[in-house]
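Q: Got a minute to go through this one with me? I'd like to know how each label is earned.

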Amino acid sequence: METIYDEIEIEDFTFDSVTHLFQYPCPCGDKFAISLEDLQDGEDVAVCPSCSLMVKVIFDPEDLEQYVEEISTLSSDTTERSEIVSST
Ligand SMILES: [Zn+2]
């Protein structure tokens with residue numbers, strides 16, 4: 001049976017746009033982690049890999065859009081910039 005340690009707003013997580021991971025400090029010193037893809041799949045429980053504590057992520061599907069945008073901005077940055085330059 002799953003035991004949820006706490007419920008954390010997605011805004012309180014740190015988002016890494018390279019690994020696509022949301023992380024939140026765990027009392028054990030490690031970090032709870034859940035990926036953006038998991039959240040998009042409807043998963044909402046982040047697990048600490050060290051002590052296996054779990055927290056529930058509080059979010060609305062719309063909340064994910066800004067993070068998706070953040071990733072796509074990063075990955076398509078060079079392409080978009082050259083497009084802007086050539087069209088000017
Ligand atoms: Zn932990």
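Q: Where does Cys28 lie?
A: Cys28 sits in the loop between strand 3 (21-25) and strand 4. Helices (H or I, at least four residues) and strands (E, at least two) are DSSP runs, numbered from the N terminus. This is a predicted model, where local features need pLDDT of at least 70, side-chain atom pairs count only at pLDDT 80 or more, and totals for chains, interfaces and linings use all residues. Residues are numbered from 1 along each chain as its sequence is written.

Q: Why is Cys28 called partly exposed?
A: It has 13 other C-beta atoms within 10 Å. With C-beta atoms placed from the backbone, 20 or more within that 10 Å makes a residue buried, 12 or fewer makes it exposed, and anything in between is partly exposed. So 13 puts Cys28 in the partly exposed class.

Q: Which residues is Cys28 in contact with, leaving aside neighbours within four places in sequence?
A: Cys48, Ser50 and Cys51. Contact here is C-beta atoms, placed from the backbone, within 7 Å. Cys28 and Ser50 are 22 residues apart in sequence, yet their C-alpha atoms are 7.7 Å apart.

Q: And what does Cys48 touch, not counting residues up to four places away?
A: Cys26, Cys28, Asp30, Lys31, Phe32 and Leu53.

Q: What makes up the largest nonpolar core?
A: Eleven residues: Ile10, Phe13, Phe22, Cys26, Phe32, Ile34, Leu39, Ala46, Cys48, Val55 and Val57. Strand 4 (31-35) and strand 6 (54-58) each supply at least two of them. The name fits because a nonpolar core is a set of buried Ala, Val, Leu, Ile, Met, Phe, Trp, Tyr and Cys residues joined through C-beta atoms within 7 Å. In soluble globular proteins, nonpolar side chains tend to be buried together.

Q: How do you know that helix 2 lies largely in the open?
A: Of its 15 residues, the number buried is zero, so the label holds.

Q: What span should helix 2 have, and what is found?
A: The expected span is 1.5 Å times one less than the number of residues. For the 15 residues of helix 2 (residues 61-75) that gives 21 Å, and the end C-alpha atoms are 22 Å apart, which agrees.

Q: Why say that strand 1 and strand 6 pair?
A: Pairing takes at least two DSSP bridges between two strands. These have five, in the parallel sense, so they pair. One of the residues involved is Glu7, whose bridge partner in strand 6 is Lys56. Strand 1 (residues 4-9) is hardly covered, with zero buried among its six residues.

How values were computed: Two residues are in contact if their C-beta atoms, placed from the backbone, lie within 7 Å.
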